[in-house]
Amino acid sequence: MRTLTPAAARRIALAAQGFGRARPERAPTMRDLQRVVDTVGLVQIDSVNVVTRSHYLPFFSRLGPYDPALLDRMRDRAPRRLVEYWAHEASLLPPSTWPLMEHPRMRRALDDSWGGIQRVAREHPELVAAVREEVEAGRPRTAREIEAALGHERSGDKEHWGWNWSLVKHALEHLFWAGAISSAGRTQQFERRYAALARVVPPREATPWLDPSARPSEEAAYTELVRISARATGVATEADLADYFRLKRVHVRPAIERLVAAGELEAVEVRGWGQPAWLHAGARRPRAVDARALLSPFDSLVWCRPRVERIFDFHYRIEIYTPAEQRVHGYYVLPFLLGDALVGRVDLKADRAAGALLARQVTWEPGRGGADDRRELGEELGRMATWLGLTQVVGA
C-alpha cells in the first residue's frame with residue numbers, strides 16, 4: 001500500500017480543491033467560474049450576509065476579483081449551469097448532478113427531511129397537491145407570492161409551524177426536497193423562487209429531470225456521487241467522502257469498493273491519520289502549493305471540520321451560533337490560507353454604509369503572524385474590499 005506524508009496529503013487536498021493553480025491575471029470569465037464548479041462539484045449557500053452571500057466567496061478565493069453577475073447568470077438564466085438542491089446542505093450544483101440525488105434525498109423526503117415538512121406531507125396531502133399545481137401552472141415565485149395566489153395570506157401566527165413558516169411554505173419545501181419542483185434562483189432578500197422542473201432544466205438534461213425512470217439506478221447514483229467527492233477531495237477517508245454530499249456511509253462503502261475495482265481509487269495510508277484513506281487516480285500531487293485566500297466558513301475545503309483538523313491541524317468553528325460572551329475568535333470567522341497552510345482566521349464584516357471592510361479580530365496560529373504573514377493578509381483583505389466595492393480596510 002502506498003504511504004503518503006501528511007504534507008503530501010495536504011497538498012493533494014488543496015490541489016483537488018483548485019488551490020494548486022494560479023489565479024488568472026485577467027478578469028475571470030464564465031469559463032473560469034465553470035472550471036471552479038467542475039473542480040469542487042458543488043457550492044454551499046447560506047443566508048448570512050455579513051461579508052457577502054457565502055456562495056460568492058469560493059469563486060473569489062480561487063479566482064480573485066470577478067463579476068458576481070456571472071455567477072448569478074449561471075444560476076438564474078437559461079440554459080442554467082447551476083441549480084439549487086439539498087446536497088451538502090443547501091447547495092448550487094450542476095444540473096447533471098441533480099438527478100443523482102433521487103435515491104439519497106428525493107425518495108427519502110418522508111423519512112429523512114425535517115419534521116415540519118414531513119408533517120405537512122402526511123397531514124395535508126390535499127394542500128401539497130394544490131401547491132404543486134399552482135407552482136407548475138405559473139412563473140417562478142416566492143413562497144409569499146404562492147401563498148397569496150392560493151388565498152393563504154399570513155394572518156398572525158396561527159398558521160405557522162416552526163421558523164415562522166406557513167403550511168404553504170412547508171409544502172413548498174417538501175416538494176423541493178422530494179424533487180417535484182425546483183428553484184429558479186433567489187430574490188435580493190434570499191427567498192427561493194419556486195418553479196416547475198420544466199422551467200429550470202437545461203434541454204440536454206430534460207429526460208432524467210422530467211422522467212424519473214430515466215434517472216441512474218441507486219448503485220450508479222451513489223457511485224457517481226462518491227466519484228465526484230473523491231475527485232474534489234483528492235485523498236479522503238470514508239467519512240470525508242460521505243460528508244461531501246451528506247451520504248450515509250452504508251451507501252458510500254460499496255461505492256468506494258466499486259471505484260477501487262475500476263481503478264479510480266487507490267487505498268493508501270496517510271501517516272498520522274490513523275484510518276484508511278483513498279487516493280483518486282487523477283489527483284494532482286504537487287511538490288508545492290503557493291495559495292493565498294480567505295475562505296468562506298462554508299467553503300468545501302473547510303466545511304468538514306474533522307477533515308480540517310486532520311489535514312491542517314487547525315481547529316475551526318464558525319461561532320455565529322455561539323453566544324457572544326463565549327466566542328473565541330469572533331462572529332463570522334474566515335480561515336486564512338497561505339501557501340499550503342491555514343495560518344490564521346479573521347472575523348470579517350462588510351460595513352457598507354461606511355464603505356469599509358472591518359477585520360474585527362485577527363487570530364494567528366502558533367508561530368505565525370510575522371511581518372510577511374501580516375503583509376499577505378493585508379493585501380488579500382485589500383483585494384477583497386475592492387471586489388466588494390468598499391474603499392478601505394479597518395482593523396487588520
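This passage describes the nonpolar core, selected helices and the strand pairing of a predicted model. Local features required pLDDT of at least 70 and side-chain atom pairs pLDDT 80 or more, whereas totals for chains, interfaces and linings use all residues. Residues are numbered from 1 along each chain as its sequence is written, and side-chain values use heavy atoms, with hydrogens and water left out.

The largest nonpolar core comprises 127 residues. Such a core is a set of buried Ala, Val, Leu, Ile, Met, Phe, Trp, Tyr and Cys residues joined through side-chain atoms within 4.5 Å. Buried denotes under 20% relative accessible area, exposed over 50%, and partly exposed in between (1.4 Å probe, protein chains only). Val235, Tyr332, Leu348 and Met384 have the most contacts inside the core. Beyond its neighbours within four places in sequence, Leu348 is in contact (heavy atoms within 4.5 Å) with Tyr332 and Met384. Its other partners include Val50, Val51, Leu294, Leu334 and Arg360.

Helices (H or I, at least four residues) and strands (E, at least two) are DSSP runs, numbered from the N terminus. Helix α1 spans residues 6–16. Of its 11 residues, 9 are buried, so the helix is largely enclosed by the rest of the structure. The buried set includes Arg10 and Arg11, alongside Ile12 and Leu14. Just after α1, Gly18 adopts a positive phi of about 95 degrees.

Helix α2 (residues 30–40) packs on helix α4 (residues 68–76) at an angle of about 65 degrees, with the axes 10 Å apart. Axes are lines fitted to C-alpha atoms, for helices over the stretch in contact; angles run from 0 to 180 degrees between N-to-C directions. The crossing of α2 with α4 is right-handed. In a right-handed crossing the near helix is turned clockwise from the far one by less than a right angle. From α2, Met30, Leu33, Gln34 and Val37 make the contact; from α4, Leu70, Leu71, Arg73 and Met74 do so.

Asp76 also lies in α4. At 26% relative accessibility, this residue counts as partly exposed. Asp76 touches Ala184, Gly185 and Arg186, leaving out residues up to four places away in sequence. The C-alpha atoms of Asp76 and Arg186 are 8.1 Å apart, although 110 residues separate the two along the chain.

Strand β11 (residues 277–280) has Ala277 and Leu279 pointing one way and Trp278 and His280 the other, and all are buried. Strands pair if DSSP finds at least two bridges between them. Strand β9 (residues 235–236) runs antiparallel to β11 and is joined to it by 2 bridges. Here the core residue Val235 has Leu279 as its bridge partner. Strand β10 (residues 265–270) is also antiparallel to β11, through 4 bridges. Val268 stands opposite Ala277. The hairpin of β10 and β11 has 6 residues between the strands, and Gly272 takes a positive phi near 90 degrees.

An open sheet of 5 strands follows the order β12-β13-β14-β15-β16, with mixed pairing. β12 (291–294) and β16 (392–394) are the edge strands; each has a single partner, so one side of each is left without a neighbour in the sheet. Neighbouring strands are turned by 30 degrees against each other on average, direction ignored. Within this sheet, β13 (residues 333–339) and β14 (residues 341–351) run antiparallel and are joined by 6 bridges. Val333 stands opposite Asp347 of β14.
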